[in-house]
Amino acid sequence: MRGKGAIAILAMALVAAACGGQGTQPKDQGQAQAGPTEVEVQSEEYKFGGVPGTLPAGETTFALENVGQEPHEFGLVRIKTDHSAEELIQMPPSESEKLISDVGSTFAKPGRESSFQADLASGRYGYACFVTTKDGEPHAVLGMYGGFTVT
């Protein structure tokens, strides 16, 4: 039997990637790129802001600013297949884990900032906060997730 937390985290990441992103356009979209694309992500209870629905392939810096009252993480995964979120969620973890790959993550306490850089390939991505509340509920289950496509 699968644990509630593991199922919720996987489900959240997969639903996010299948449903598309939220937020604004990346800082340098439409301009000649002199360096990595920078995505300024804001986190608070229980949502993300600033993440576009599409990003260009290549080096991307995800800068997380925690404007909330709780610690938050920005965890990024790549969806490697065309399976629907519902199909992936219903698979045993040993199967679904083969269909996604970890890209990177960063963590910030309230009022703090952190970042990570990833070389994004074309495809679908999901992101989520994997921190849990005092009651043990993953922030992702409370709506702190999203997704985007890299072209």
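In which sense do β8 and β9 pair, and over how many bridges? In this predicted model, the two strands run antiparallel to each other and are joined by six bridges. One position in this pairing is given by Y127, which lies opposite G146 of β9.

The chain as a whole contains three helices and nine strands. Read from the N terminus, the order of elements is α-β-β-β-β-β-α-α-β-β-β-β. Of the 151 residues in the chain, 42% are buried. The accessible surface amounts to about 7,700 Å², and carbon and sulfur atoms account for 49% of that area. When contacts between residues at least 6 apart in sequence are considered, 70% of them connect residues at least 24 apart.

Strand β9 also takes part in a second pairing. Its partner there is β3 (residues 54–55), and the two strands are parallel, with two bridges between them. In β3, L55 faces V150 of β9. Strands of a sheet are held in such pairs by backbone hydrogen bonds, in either the parallel or the antiparallel sense.

Both pairings belong to the sheet arrangement described next. Five strands form an open sheet in the order β3-β9-β8-β5-β6, and the pairing within it is mixed. The edges are occupied by β3 and β6 (100–108); each has a single partner strand, so one side of each has no neighbour in the sheet.

Side-chain packing was examined through the largest nonpolar core, which comprises 20 residues. Within this core, the residues with the most contacts are V41, F48, F62, F74, L76, L120 and F148. Two or more core residues come from each of β1 (37–44), β4 (58–66), β5 (72–79), β7 (113–120), β8 (123–128) and β9 (145–150). The largest contribution is that of β7, which supplies three residues.

The surroundings of F62 were then listed. With neighbours within four places in sequence set aside, F62 is in contact with V39, V41, L55, F74, L76, S114, S115, F116, L120 and F148. Among these contacts, V41, F74, L76, L120 and F148 are also listed with F62 as core residues with the most contacts. L55, another contact of F62, is the residue that stands opposite V150 in β9.

Key:
Residues numbered from 1 in each chain as written. Predicted model: local features only at pLDDT ≥ 70, side-chain atom pairs only at ≥ 80, totals over all residues. Heavy atoms only, no water. Helix = DSSP H or I, 4+ residues; strand = E, 2+ residues; numbered from the N terminus. Buried < 20%, exposed > 50% of the residue type's maximum accessible area, 1.4 Å probe, protein only. Contact = heavy atoms within 4.5 Å. Areas by Shrake-Rupley, 256 points an atom, 1.4 Å probe, with all protein chains shown as cover. Core = buried A, V, L, I, M, F, W, Y, C linked by side-chain atoms within 4.5 Å. Pairing = 2+ DSSP bridges.
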